[in-house]
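Subject: Structure handover

Hello,

I am passing on the structure we spoke about, followed by notes on what was found in it. Please look through the model first and then read on.

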Amino acid sequence: MINRWRKFQVGIGRGRAGFHGKWLQALTSVGNGADTTEDNLQTVTLEANGLYKLGQLVRIRCAGRTGANGNNKTFQLYFGGTSILTTGALASNALNWWVEAMIWRTGSKTQTAFAWGVFNGALIAPARTTLTKDDTATIIIKGTGQSSVATANDIQQDILDVSVETL
């Protein structure tokens with residue numbers, strides 16, 4: 001689903017008004033497969049030139065739940081093929097989790113990401129990542145899940161919400 005609108009600028013400047021608001025959303029719950037490999041849960045694609053000027057910010061919010069067992073589970077959030085947050089393998093038993101990230105353009109094909117959240121009832125320490133993604137091409141944003149035991153739906157992602165803001 002793509003919803004976006006123009007952010008209008010007031011004044012006599014010749015600057016280009018940027019898109020601002022929600023771009024992409026995945027709301028269908030997806031769980032890991034009955035295996036011990038890292039599985040894609042939810043994925044969205046940021047369109048080419050989605051980050052076209054300095055100060056633009058991509059805000060990502062995702063949430064889900066874990067299976068009711070003592071298996072170790074890992075969630076990772078990726079931006080353009082680079083993991084910007086990992087929970088590590090934790091024995092989360094029937095708990096909800098959420099992750100949030102902000103990625104902003106610092107230059108042509110350079111970004112900085114901050115990501116944090118709550119998993120297994122505890123705060124995930126904020127992670128800072130310097131990125132070099134080609135912002136003139138599409139960028140895949142995805143969450144992945146992995147279980148230490150071949151149990152389907154040990155980790156599920158219910159929401160992946162992406163919005164872009166112009167600061």
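Which residue in S11 does Phe-75 stand opposite? The answer is Gly-145. Before going further, please note that this is a predicted model.

Overall make-up

The protein chain has 12 strands and 0 helices. Read from the N terminus, its elements therefore run β-β-β-β-β-β-β-β-β-β-β-β. The chain has 167 residues, of which 44% count as buried. Taking contacts between residues at least 6 apart in sequence, 68% join residues at least 24 apart.

The sheet around S6

Four strands make up an open sheet in the order S4-S11-S6-S7, and their pairing is antiparallel. Strand S4 (39-46) and S7 are at the edges with a single partner strand each, so one side of each has no neighbour in the sheet. From one strand to the next, the twist averages 20°.

S6 covers residues 73-79 and S7 covers residues 82-86. These two strands run antiparallel and are joined by 4 bridges. Within this pairing, Tyr-78 stands opposite Ser-83 in S7. S6 and S7 form a hairpin, with 2 residues between them. Gly-80 is in the turn and has a positive phi of about 60°.

S6 is also joined to S11, which spans residues 139-147, by 7 bridges. This pairing is antiparallel as well, and the Phe-75 and Gly-145 positions mentioned at the start belong to S6 and S11 respectively.

One further feature involves Tyr-78: the charged end of Lys-142 sits over the ring of Tyr-78, 5.2 Å from the ring centre.

Aromatic pairs

How many aromatic pairs does a search of the whole structure find? It finds 3. In one of them, the ring centres of Phe-75 and Trp-97 are 4.3 Å apart and the planes are at 35°, so the pair counts as tilted. This pair links distant parts of the chain, with Phe-75 in strand S6 and Trp-97 in strand S8 (residues 96-107), 22 residues apart. Both residues are buried.

Trp-97 also pairs with Phe-119. That pair is tilted too, at 6.4 Å centre to centre and 50° between the planes. Phe-119 is in strand S9 (residues 110-119), 22 residues from Trp-97 in strand S8, and here again distant parts of the chain are linked. Phe-119 is buried, as is Trp-97. Through these ring pairs, Phe-75, Trp-97 and Phe-119 are linked into a cluster.

The nonpolar core

The largest nonpolar core has 29 residues. Which of them touch the most other members? They are Val-58, Ile-60, Phe-75, Leu-77, Phe-79, Ile-103 and Ile-141. Phe-75 thus appears both in this list and in the aromatic cluster.

For Leu-77, contacts beyond four places in sequence include Ile-60 and Cys-62, as well as Val-99, Ala-101 and Lys-142. The same residue is in contact with Thr-82, Ser-83, Ile-84 and Leu-85.

Leu-41 in strand S4

Leu-41 is found in strand S4. Is Leu-41 buried or exposed? Its relative accessible area is 7%, under the 20% limit, so Leu-41 is buried. Setting aside neighbours within four places in sequence, the contacts of Leu-41 include Val-30, Gly-31 and Asn-32, then Phe-75, and also Gly-143, Thr-144 and Gly-145. Ile-155 and Gln-157 are in contact with Leu-41 as well. Leu-41 and Ile-155 are 114 residues apart in sequence, while their C-alpha atoms are 8.9 Å apart in space.

Two residues with positive phi

Most residues other than glycine have a negative phi. Ala-94 is not a glycine, yet has a positive phi of about 55°. Ala-94 is found in the loop between S7 and S8. With 48% relative accessibility, Ala-94 counts as partly exposed.

Lys-109, also not a glycine, has a positive phi of about 60°. Lys-109 lies in the loop between S8 and S9, and its relative accessible area of 39% makes Lys-109 partly exposed.

Regards

Conventions:
Residues numbered from 1 in each chain as written. Predicted model: local features only at pLDDT ≥ 70, side-chain atom pairs only at ≥ 80, totals over all residues. Heavy atoms only, no water. Pairing = 2+ DSSP bridges. Axes fitted to C-alpha atoms, helices over the stretch in contact; angles between N-to-C directions. Phe/Tyr/Trp six-rings, centres within 6.5 Å; stacked < 30°, edge-to-face > 60°. Buried < 20%, exposed > 50% of the residue type's maximum accessible area, 1.4 Å probe, protein only. Lys NZ or Arg CZ within 6 Å of the ring centre and 35° of its normal. Contact = heavy atoms within 4.5 Å. Core = buried A, V, L, I, M, F, W, Y, C linked by side-chain atoms within 4.5 Å.
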